[in-house]
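Here's an informal tour of one protein model, covering helix packing, cysteines and some backbone oddities. Have a look at the structure first, then read on.

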Amino acid sequence: PPQTVGEVATTNAACREKTEEPLFLSPGKIVLHGLLLLCSFVWWDLVGLWLTPLILYVGSLIMPVGFGRWSVETRMEVRSVVIIYFMLLSVPVLILWCVLRGGTLAVAALGIYVAWYTMLDDAPQRGGRFFMNLRKRAFWFHFASYFPIKLTRTAKLDPKGNYIFGYHPHGIISVGALCNFATEATGFSELFPGVDLRLLTLAMNFRVPFFREYLLGMGINDVSRASCKKNLSRGPGSSVMIVIGGARESLETAPGKAGLVLEHRKGFVKMALQAGASLVPVFSFGENDVFGVYRSKWLMSLQLRMQKHLGFALPLFFGRALTGGLLHRFLGLNVGLMPLRVPVHSIVGRPIHLEKAESPSQEQIDAAHGLYVEELQRIYKEWRDIYNKEKAAALEGYGEERLKIFHSGGFKLESQGSLSLIE
């Protein structure tokens, strides 16, 4: 059960009750393995036999059995990350296969599908095609256990209210936002019963065929104003989560640092006032630590221009190589694509209740924004030392040899520093 003291409660994947499933024959896993086989065939059909060794290697990583240095639990955690990478990379390949190898029927079907969702489908704005069972898959428990990821509630929320959760910091891929608030890996529904939360992301993600359907199934919607209004009006408990700093804040990602793009971000506050929703700040310790980042002045200038003109930015990040994988064991590489296994701990602050104002003044917006920042700073100060101890204990468990590998790979593993508002 969650560790509870008064209204404060903490839970993680390790204390969640998981249903034992057959390794291959549960309905969900039959679908997953079928999709993996389909994607493997598409890769092989497009690229040819020379890709076979790579496909076999990826296949060995995602087999749900333990052998060698890895236990079954470790393998399931690693395979969850590998599967996410593989499926994301397979989306453009699948589209290319439909165009080049699928024939006239496949091209026509793809064109009709794209035209339909571009012109007619409003599911990303209204929370449509959501399947709760996707959030409860054991896959997400394994993914959350990889880091591991924790969720802490500092105050209970009234299930009759509506809430706008603000998530900080963005990090590279916001793993804490995904696992804690878009899945049941850490028991969000247990900590906040009756709160129907939808994580919001860039609208451009819903322009990608096939990928958009999984996002919708997970209850992830776009971050437009229309989406916020419709989702908050679905009924009691209907709530949304916004990663406030967005693409701009992702460029400030640095291990041990907490630079937030928040000072001039007040649109979410205005939306909360207009909807009569409460604001709930969330800070995720460790979010900026799961990847290393290449930084330079010229690269930052290029990324800022890209973010300004395209609406998104691409931080140049790197991960670790698997100590039991080919890159490290045979090539001696310490840098790869796997995220570091450092704790990610999301702290949910106290709600800031606002009176509804259809046309809020700038003074009302500034006052509510100030209360929000004050509560965010409070949870940061109260929980920073606790997180630093968690992180130190996790790093100590790595052992000296693995820590040397990380340091030689250029990873910075400092304690959490001070909070700063940079824009």
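## Cysteines

Let's start with the cysteines, bearing in mind that this is a predicted model. Cys39 is buried, at a relative accessible area of 9%. Cys98 is buried too, with a relative accessible area of 11%. Both values sit in the buried class because the cut-off for that class is under 20%.

How many disulfides does the structure hold? Zero. As a reminder, a disulfide is a covalent bond linking the sulfur atoms of two cysteines. For a pair to count here, the two cysteine sulfur atoms have to be within 2.5 Å.

## H1 against H2

Now for the helix pairs. Helix H1 covers residues 27-47 and helix H2 covers residues 52-62; they pack at an angle of about 165°, with 10 Å between their axes. Anything over 145 degrees counts as roughly antiparallel, and H1 and H2 are therefore roughly antiparallel to each other. The crossing of H1 past H2 is right-handed.

Who touches whom? On the H1 side you'll find Leu36, Ser40, Trp43 and Trp44, and they meet Thr52, Ile55 and Ile62 of H2. Sorted by character, the residues of this H1 and H2 contact come out as five nonpolar, two polar and no charged.

## H3 against H4

Next up is helix H3 (residues 72-100) with helix H4 (residues 103-119). Their axes come within 7 Å and cross at roughly 130°. Is this pair oblique or roughly antiparallel? The angle falls short of the antiparallel class, which needs over 145 degrees, and H3 and H4 are therefore oblique to each other.

From H3, the contact uses Ile95, Cys98 and Val99; from H4, Gly103, Ala106, Val107 and Leu110. The tally for the H3 and H4 contact is six nonpolar, one polar and no charged. Cys98, one of the H3 residues in this contact, is the buried cysteine mentioned above.

## Cis peptide bonds

Most peptide bonds are trans, so cis ones deserve a look. Phe147 and Pro148 are joined by a cis peptide bond, with omega at about 0°. Pro148 sits in the loop that runs between helix H7 (138-146) and strand E3 (149-153).

There's also a cis bond from His168 to Pro169, where omega is near -15°. You'll find Pro169 in the loop between strand E4 (163-168) and helix H8 (175-181).

## Positive phi

Most residues other than glycine have a negative phi. Ser174 isn't a glycine, yet its phi is positive, about 55°. Where is Ser174 found? In the loop between E4 and H8, the loop where Pro169 is found. At 7% relative accessibility, Ser174 counts as buried.

Phe210 is another non-glycine with a positive phi, this time about 70°. Its place is the loop between strand E5 (196-201) and helix H10 (211-217). Is Phe210 buried or partly exposed? With 32% relative accessibility, Phe210 counts as partly exposed.

## H13 and the glycine after it

Last stop: helix H13, residues 267-275. Which of its residues are buried? They are Phe268, Val269, Met271, Ala272 and Leu273. Just after H13 comes Gly276, with a positive phi of about 70°.

Conventions
Residues numbered from 1 in each chain as written. Predicted model: local features only at pLDDT ≥ 70, side-chain atom pairs only at ≥ 80, totals over all residues. Heavy atoms only, no water. Axes fitted to C-alpha atoms, helices over the stretch in contact; angles between N-to-C directions. Helix = DSSP H or I, 4+ residues; strand = E, 2+ residues; numbered from the N terminus. Parallel < 35°, antiparallel > 145°, perpendicular 65-115°, else oblique. Left-handed = near helix turned anticlockwise from the far one by under 90°. Contact = heavy atoms within 4.5 Å. Nonpolar A, V, L, I, M, F, W, Y, C, P; charged D, E, K, R; others polar. Buried < 20%, exposed > 50% of the residue type's maximum accessible area, 1.4 Å probe, protein only.
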